[in-house]
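Visitor: I have a structure to look at and don't know where to begin. Can you walk me through it?

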Amino acid sequence: STMERPQAEHRERAEHQHRRCQREVGQQYLDEDAALRKLNHRNIVRRYACIEDPALGTCLFTESFRGKTLDHIWRRRVQKKAGPLPLSAVAHVGYQLAQALMHAHQQGVVHGDLQPANLLIEDPTEEEIRKGKAKGIVKISSFGVSPSSDPASLVFQSPEQAEGCMPTYLTDVYQLGTCLWVLATGRLPYEATSREEVLQRL
């Protein structure tokens with residue numbers, strides 16, 4: 001069964017979990033739950049349970065992550081005119097994301113919507129800061145979710161997606177490269193508000 005009753009350990013570890021619920025579009029969480037069931041990697045957000053709540057609808061429990069999205073980080077740097085991320089940091093992020101995608105692809109799972117808003121980087125602990133090892137663990141979220149229709153997300157779509165085709169492993173590779181380009185340059189490769197504009201730019 002796709003649905004599970006929340007176990008006692010889930011309740012006891014509530015402070016380590018993040019709950020998201022949908023009443024009308026719960027299929028999105030069922031799809032994400034099905035993808036996460038196949039994955040077990042330190043750079044992919046961990047799944048705990050998926051339940052049907054009479055009041056809240058479909059609820060997906062995943063690990064609670066102490067950090068920020070890469071979208072938040074690079075946009076804040078733009079606002080502060082701090083420039084792009086150092087290339088060493090981009091390489092650190094890229095290596096972890098590549099490892100996570102390799103694991104997912106080996107399990108037959110395609111993400112299909114890689115963009116900075118779905119990439120999380122952990123806030124460093126005080127001990128890591130003190131030891132000078134505050135690089136942060138990077139995790140991918142939102143597996144199995146349909147690509148966002150937000151115009152700001154269109155630039156991360158691959159050519160085949162812009163043509164209306166289903167995403168493949170190569171889609172993830174293209175999107176990973178676009179994400180790293182944004183982090184390394186501090187700007188989007190181009191602006192687009194429709195699929196047609198994406199095709200014109202590619």
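Guide: Begin with residues 1-16, where pLDDT, the predictor's confidence in each residue from 0 to 100, stays under 50. The model has 28 contacts beyond four places in sequence for residues 1-16, a contact being heavy atoms within 4.5 Å.

Visitor: Why does a low value matter?
Guide: Where pLDDT is low, the predicted coordinates should not be read in detail.

Visitor: What is the mean pLDDT of the protein chain?
Guide: The mean is 78, and 72% of the residues reach 70 or more.

Visitor: Any ground rules?
Guide: This is a predicted model, in which local features need pLDDT of at least 70 and side-chain atom pairs count only at pLDDT 80 or more, while totals for chains, interfaces and linings use all residues. Residues are numbered from 1 along each chain as its sequence is written, and side-chain values use heavy atoms, with hydrogens and water left out.

Visitor: OK, sheets. What is the order of the strands in the open sheet?
Guide: The order is 4-5-6, with antiparallel pairing of the three strands. Strands (E, at least two residues) and helices (H or I, at least four) are DSSP runs numbered from the N terminus, and two strands pair if DSSP finds at least two bridges between them.

Visitor: Which strands are at the edges?
Guide: Strand 4 and strand 6, each of which pairs on one side only.

Visitor: How many bridges join strand 4 to strand 5?
Guide: Three, between residues 67-69 and residues 119-122. K68 stands opposite I121, and T69 has L120 as its bridge partner.

Visitor: And strand 6?
Guide: Strand 6, residues 138-140, pairs with strand 5 over three bridges. There, L119 stands opposite I140.

Visitor: Now helices. At what angle do helix 4 and helix 7 pack?
Guide: Helix 4 (residues 87-106) and helix 7 (residues 169-185) pack at about 165°, with their axes 10 Å apart. Axes are lines fitted to C-alpha atoms, for helices over the stretch in contact, and angles run from 0 to 180 degrees between N-to-C directions. That makes the two helices roughly antiparallel, because angles over 145 degrees count as such, those under 35 as roughly parallel, 65 to 115 as roughly perpendicular and the rest as oblique.

Visitor: Which residues make that contact?
Guide: Among them are L87, V90 and L97 of helix 4, and Y169, D172 and L176 of helix 7.

Visitor: Which strands does helix 4 touch?
Guide: Helix 4 packs on the sheet, touching strand 5 and strand 6.
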